[in-house]
Amino acid sequence: MNSQSLSDGKSLLHQTLSEWRRWEVCLPGKPSLVKPMSGGMTNLSYLVESGSRRAVVRVNTPHSKVLGIDRQREETLLRLLQPTGYVPKLLYVTGEVLVTEFVDGRVWDAGTVDNDHRLNRQLVPLLEKIQAFPKPATASRFSYLNHCRYYLAQLAVRPAAADAIEEHAAAIDASSWQPVICHHDLIPENIIDTDRGPVILDWEYAAWGHPAMDLIRLDVVESHHSAEDRLKLRDLQRGMDALWMALTDQLAGVV
């Protein structure tokens, strides 16, 4: 992250804090910065607090759009899921900033995912409830082919596996499935154990996608999907990850 991006991020942070009276929560006073949190290519994150309330301010970086982030879609899905308690509470949103409650708890890890009881008794039912939300008529089914081609169009060098990735994406797009709310980045680090149960963070890649994609990322096998379909989905998921890595390396100047 260059110094200009950091400077712009801090400017947006201070502007957001100055507008605290417009946040969707009652605060005792203007929030103050506690510390910067780990930042990535898509956003800079800051932990702030006002009295006993803590929040996370996420500020877009110049790379957000390049990496295919749709903040309007993210906000729409988060608002839809607010009543469930499975996502952080939204406190304030603009085109450049998203503020949510700070979710305190224990972060999942690979061992948690490998625990069949935790997975089948907690996470799978949670995802089923999220997927039960009906898709609005105005919402579009996510196109995995368009997503992959968007990344490929921005890469200076076309990867050797590009044709195979496009083939996998086209096959999934052409298959018959009903779109559901799909997180698309459901790694263990994005799941937090809290007093109200698991909470899923970082919905910036979420869309109305394939119903098996999130569990495929966690390497969970679903019996009602054929072995062939699972293989296609796994290949596609790995291909999308490879394109994301190639693009982020390019943006970071990694040769």
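Reader: Which residue in β5 does Val57 stand opposite?

Author: We're looking at a predicted model here. Val57 belongs to the stretch 53–60, which is strand β3, and β3 pairs with β5 in the antiparallel sense over 5 bridges. In that pairing, the residue in β5 that Val57 stands opposite is Val99.

Reader: Is Val99 buried or exposed?

Author: Let's place Val99 before we judge it: this residue lies in strand β5. The cut-off for buried is under 20% relative accessible area. Val99 has a relative accessibility of 0%, so Val99 counts as buried.

Reader: Which residues does Val99 touch, leaving out those up to four places away in sequence?

Author: One clue is Ala55, which sits 44 residues from Val99 along the chain, yet their C-alpha atoms are separated by 6.7 Å. Ala55 does turn up in the list of touching residues. In full, Val99 touches Thr16, Trp23, Ala55, Val56, Val57, Lys89, Leu90, Leu91 and Tyr92.

Reader: How many of the residues of strand β5 are buried?

Author: We've already met one residue of β5, namely Val99, and Val99 is buried at 0% relative accessibility. The strand covers residues 97–101 and is largely enclosed by the rest of the structure, because its buried residues number 5 of 5.

Reader: How many residues lie between β4 and β5 in their hairpin?

Author: Strand β4 takes in residues 90–93, and it pairs with β5 in the antiparallel sense over 3 bridges. Within that pairing, Leu90 stands opposite Thr100 in β5. The two strands form a hairpin, and the number of residues between them is 3.

Reader: Which residue of β5 stands opposite Val56?

Author: Val56 falls in the range 53–60, so we're back in β3, the strand that is joined to β5 by 5 bridges. On the β4 side, Leu90 stands opposite Thr100. Val56 stands opposite a residue of β5 too, and that residue is Thr100.

Reader: How many of the residues of β3 are buried?

Author: Picture β3 with its pairings: β2 (residues 43–50) pairs with β3 over 8 bridges, and β3 pairs with β5 over 5 bridges. Both pairings are antiparallel. The strand is mostly covered, with a buried count of 6 of 8.

Reader: What is the bridge partner of Val48 in β3?

Author: Val48 is within residues 43–50, the range of strand β2, and that strand runs antiparallel to β3. We met the partner earlier: its C-alpha atom is separated from that of Val99 by 6.7 Å. In β3, the bridge partner of Val48 is Ala55.

Reader: Which residue takes a positive phi in the hairpin of β2 and β3?

Author: Most residues other than glycine have a negative phi. The hairpin of β2 and β3 has 2 residues between the strands. The residue there with a positive phi, near 65°, is Gly51.

Reader: Where is His184 found?

Author: His184 is worth a look, as it has a positive phi of about 70° although it is not a glycine. With 11% relative accessibility, His184 counts as buried. As for its place in the chain, His184 is found in the loop between β7 (180–182) and β8.

Reader: Is Asp202 buried, partly exposed or exposed?

Author: Asp202 is another non-glycine residue with a positive phi, here about 55°. This residue lies in the loop between β9 and β10 (207–209). Buried means under 20% and exposed means over 50%. At 31% relative accessibility, Asp202 counts as partly exposed.

Reader: Which strands stand at the edges of the open sheet that contains β8?

Author: That sheet has 3 strands in the order β6-β8-β9, with antiparallel pairing. An edge strand here has a single partner strand, so one side of it is left without a neighbour in the sheet; the strands at the edges are β6 (106–107) and β9 (197–200).

Reader: What is the bridge partner of Ile191 in β9?

Author: Strand β8 spans residues 191–194, and 4 bridges join it to β9. The two strands run antiparallel. For Ile191, the bridge partner in β9 is Ile200.

Reader: What is the radius of gyration of the protein chain?

Author: The chain holds 8 helices and 10 strands, and buried residues make up 49% of its 255 residues. Its C-alpha trace spans about 55 × 45 × 40 Å along the principal axes. A compact globule with 255 residues would have a value near 18 Å, which agrees with the radius of gyration of this chain, 19 Å.

Terms used. Residues are numbered from 1 along each chain as its sequence is written. This is a predicted model: local features need pLDDT of at least 70, side-chain atom pairs count only at pLDDT 80 or more; totals for chains, interfaces and linings use all residues. Side-chain values use heavy atoms; hydrogens and water are left out. Helices (H or I, at least four residues) and strands (E, at least two) are DSSP runs, numbered from the N terminus. The radius of gyration is taken over C-alpha atoms; the globule rule is 2.2 Å times the number of residues to the power 0.38. Buried means under 20% relative accessible area, exposed over 50%, partly exposed in between (1.4 Å probe, protein chains only). Two strands pair if DSSP finds at least two bridges between them. Contact means heavy atoms within 4.5 Å.
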